[in-house]
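Me: Please take me through one part of this structure closely. I would like to start with the aromatic rings and then see their setting.

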Amino acid sequence: DQPVAGSRTVISGVDNVGHAFISISQTKTDGSTITRNMGFYPKTITTPANPRCGGVIGDDESHGYDVSITLNHVTTNQLNSLLAYYRQIVANSIYDLNDYNCTTVAIGAFQKLGINLPSTIGNWFGGRGVNPADLGEDIRSMQLSPNLTRNTTGSSYCPSNYGTCQTVLQ
């Protein structure tokens with residue numbers, strides 16, 4: 001979710017900084033599907049002057065987005081690695097606007113799946129780091145491997161969370 005779709009503008013208006021998050025859909029052996037949309041958020045308000053606080057994995061059900069990539073098949077080992085990564089985030093739960101934000105976590109999630117996303121560092125008043133604006137533009141222009149697809153038209157919402165998860169992250 002870029003602050004300005006199709007742009008590297010890091011902040012739009014007073015506080016629109018965008019958001020990076022992931023969605024996971026798993027088809028179980030019985031044919032049912034589990035879908036979860038999740039992103040990393042600060043527990044309290046952060047600013048360039050006060051960039052650190054506790055962090056939390058938040059529910060991004062129905063969150064809009066401007067650009068996305070989809071890994072078309074995830075193995076059991078990749079899914080387990082991804083879930084372990086999110087458990088580690090919950091255990092550490094430190095959010096840092098400059099060094100460990102929603103975009104950092106989304107890039108890390110894809111690394112756990114064997115996909116290296118670009119990590120462009122952008123600047124904003126009083127800070128700098130990876131951010132949804134640059135990640136969105138990097139996704140728009142990156143060369144994709146055959147197991148990835150890209151959506152550059154976005155959507156006003158993600159699919160709803162659905163199904164019963166057996167693993168709880170929080």
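Reply: Here is a walk from the rings out to the chain around them. The model is predicted: local features need pLDDT of at least 70, side-chain atom pairs count only at pLDDT 80 or more, and totals for chains, interfaces and linings use all residues. Residues are numbered from 1 along each chain as its sequence is written, and side-chain values use heavy atoms, leaving out hydrogens and water.

Start with how rings are compared. A pair of aromatic rings is described by the distance of the centres and the angle of the planes. Rings of Phe, Tyr and Trp (its six-membered ring) pair if their centres lie within 6.5 Å; planes under 30 degrees apart are stacked, over 60 edge-to-face, and the rest tilted. By this rule, the model has three aromatic pairs. One of them joins Phe 40 and Tyr 95. Their centres are 5.4 Å apart, with 35 degrees between the planes, and the pair counts as tilted.

Where do Phe 40 and Tyr 95 lie? Phe 40 is in strand β2, residues 33-42. Tyr 95 is in strand β5, residues 94-96. The two are 55 residues apart in sequence, so the pair ties together distant parts of the chain. Helices (H or I, at least four residues) and strands (E, at least two) are DSSP runs, numbered from the N terminus.

Are these rings buried or exposed? Phe 40 is buried, with a relative accessible area of 2%. Tyr 95 is buried as well, at 7%. Here buried means under 20% relative accessible area, exposed over 50%, and partly exposed in between (1.4 Å probe, protein chains only).

Now stay with Phe 40 and turn to Tyr 100. These two ring centres are 5.6 Å apart. Their planes meet at 75 degrees, so the pair is edge-to-face. Tyr 100 sits in the loop between β5 and α2 (102-112). Phe 40 and Tyr 100 are 60 residues apart in sequence, so this pair also ties parts of the chain together. Tyr 100 is partly exposed, with a relative accessible area of 27%. Ring pairs link Phe 40, Tyr 95 and Tyr 100 into a cluster.

Next, look at Tyr 85. Leave aside its neighbours within four places in sequence. Tyr 85 is then in contact (heavy atoms within 4.5 Å) with Tyr 100 from the ring cluster. Its other contacts are Thr 104, Val 105, Gly 108, Ala 109 and Lys 112.

Tyr 85 leads on to the core. In soluble globular proteins, nonpolar side chains tend to be buried together. A nonpolar core is a set of buried Ala, Val, Leu, Ile, Met, Phe, Trp, Tyr and Cys residues joined through side-chain atoms within 4.5 Å. The largest one here has 34 residues. Ile 22, Leu 82, Tyr 85, Tyr 86, Ile 89 and Leu 117 touch the most other members. Strands β1 (21-27), β2, β3 (52-59) and β4 (68-71) each supply at least two residues of this core. So do helices α1 (76-92), α2 and α3 (132-141).

Go back to β5 for a charged residue, Asp 96. The side chains of Asp 96 and Arg 52 meet in a salt bridge, 3.9 Å from N to O. (A salt bridge is a side-chain nitrogen of Lys or Arg within 4 Å of a carboxyl oxygen of Asp or Glu.) This pair links strand β5 to strand β3, 44 residues apart. Asp 96 counts as buried, at 7% relative accessibility.

The model has four salt bridges by this rule. Another joins Arg 8 and Asp 138, at 2.8 Å from N to O. Arg 8 lies in the segment before β1 and Asp 138 in helix α3, 130 residues apart, so distant parts are tied together. Arg 8 is partly exposed at 39%, whereas Asp 138 is buried at 7%. Arg 8, Asp 134 and Asp 138 are linked in a network of salt bridges.

Finally, step back to the whole chain. There are three helices and eight strands. Along the sequence, the pattern is β-β-β-β-α-β-α-β-β-α-β. Of the 170 residues, 44% are buried. Among contacts between residues at least 6 apart in sequence, 65% join residues at least 24 apart. The C-alpha atoms fill a box of roughly 50 × 35 × 25 Å, taken along the principal axes.
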